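Here is a friendly walk through a protein model, to be read with the structure open beside the text. We begin with contacts and the fold, then turn to a few residues, a ring cluster, a pocket and some backbone details.

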Amino acid sequence: MCGREFANRHQSHACGRHTLEHHFAGREPLVRELFDAFLQRLEAIGPVRVVPEKTRIAFQVRMSFAQLTTRKDHVDGHLVLARRVDGPPFRKVETISPRNHVHHFRLESVADLAPLDAFLAEAYAVGAQEHLTSREGKP
């Protein structure tokens with residue numbers, strides 16, 4: 001057992017012992033800079049677990065709410081929001097359920113993070129599952 005924590009019991013996953021360093025091997029230094037800047041923004045919102053997986057780096061509070069996939073000279077990623085937001089800064093949106101929408105983005109420079117800032121706290125709240133405890137302000 002890998003020791004990974006999940007929001008739901010018996011949640012399926014592929015166990016593995018992956019390191020953060022694995023994701024930066026053979027990549028341009030910019031890729032690590034993008035990761036560090038993204039993580040710094042999330043940590044300014046609250047505590048977050050960084051979970052290196054085989055093909056991505058997940059960010060988790062109670063559940064995973066964001067992920068980054070390192071490429072040679074850029075980073076692809078997504079945020080999970082409780083609402084659908086079509087258009088920039090998102091390249092594609094997938095609706096998983098009425099209150100879980102996966103918003104894909106690409107980072108090619110640190111400046112690309114600025115348009116995401118408006119959505120990071122919202123995604124963090126999804127990771128904390130706050131969107132499940134309240135409907136329009138009602139418990």
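Contacts between distant parts of the chain are a good place to start: of the contacts in the protein with a separation of 6 or more, 53% are between residues 24 or more positions apart. Please keep in mind that this is a predicted model. The protein has 3 helices and 6 strands, and from the N terminus on they follow the order α-β-β-β-β-β-β-α-α. Out of 139 residues, 41% count as buried.

**Three residues and their distant partners**

To see what such contacts look like at the level of single residues, take L30, V75 and V126. L30 belongs to helix 1, residues 29-45, V75 to strand 4 and V126 to helix 2. The table pairs each of them with a residue far away along the chain.

| Residue | Partner | Separation in sequence | C-alpha to C-alpha distance |
|---|---|---|---|
| L30 | S109 | 79 residues | 7.5 Å |
| V75 | R32 | 43 residues | 9.2 Å |
| V126 | R62 | 64 residues | 8.8 Å |

Is V75 buried or exposed? With a relative accessible area of 1%, V75 is buried, because buried here means under 20%. Setting aside residues up to four places away in sequence, V75 touches V31, L34, L68, T69, F105, R106 and L107.

V126 is also a buried residue, at 1% relative accessibility. Which residues does V126 contact, leaving aside its neighbours within four places in sequence? They are M63, V80, L81, A82, N100 and H131. Within helix 2, V126 is one of the buried residues, together with F119, L120, A123, Y124, A125 and G127. As a reminder on helix geometry, an α-helix has 3.6 residues a turn, so residues three or four places apart point the same way.

L30 has a relative accessible area of 27%, so L30 counts as partly exposed, the class between 20% and 50%. Not counting residues up to four places away, L30 touches D73 and E108.

**Aromatic rings**

Now for the rings. A pair of aromatic rings is described by the distance of the centres and the angle of the planes. In this model the count comes to 6 aromatic pairs. One aromatic cluster is formed by F24, F35, F38, F59 and F105. Two members of this cluster link to residues already mentioned. F105 is among the residues that V75 touches, while the ring of F24 has the charged end of R32 over it, 4.6 Å from the ring centre. R32 is also the partner of V75 in the table, with 9.2 Å between their C-alpha atoms.

**The second largest pocket**

Next, some open space. Rolling a probe the size of a water molecule over the atoms shows where empty space is left. The second largest pocket holds about 160 Å³ of space. Its lining is made up of R56, M63, S64, F65, A66, H78, V80, N100 and V102. Strand 3 (64-70), strand 4 (75-81) and strand 6 (100-107) are the elements that give two or more residues to this lining. Which element provides the largest share? That is strand 3, with 3 residues.

By class, the lining consists of 5 nonpolar, 3 polar and 1 charged residues. The lining also connects back to V126: M63, V80 and N100 belong to the pocket lining, and these residues are among the contacts of V126.

**Backbone details**

Two places in the backbone deserve a look. Where is P89 found? P89 lies in the loop between strand 4 and strand 5 (92-97). The peptide bond leading from P88 to P89 is cis, with omega near 10°.

The other place is Q129, in the loop between helix 2 (117-127) and helix 3 (130-133). Q129 is not a glycine, yet its phi is positive, near 60°. Is this loop residue buried or exposed? Q129 has a relative accessible area of 11%, which is under 20%, so Q129 counts as buried.

Notes. Residues numbered from 1 in each chain as written. Predicted model: local features only at pLDDT ≥ 70, side-chain atom pairs only at ≥ 80, totals over all residues. Heavy atoms only, no water. 1 Å grid on protein atoms, 1.4 Å probe; cavity = no way out; pocket = protein on both sides within 12 Å on 5 of 7 lines; lining within 4 Å. Points joined across faces, edges and corners; volume = space filled by probe spheres on them. Helix = DSSP H or I, 4+ residues; strand = E, 2+ residues; numbered from the N terminus. Nonpolar A, V, L, I, M, F, W, Y, C, P; charged D, E, K, R; others polar. Phe/Tyr/Trp six-rings, centres within 6.5 Å; stacked < 30°, edge-to-face > 60°. Lys NZ or Arg CZ within 6 Å of the ring centre and 35° of its normal. Buried < 20%, exposed > 50% of the residue type's maximum accessible area, 1.4 Å probe, protein only. Contact = heavy atoms within 4.5 Å.
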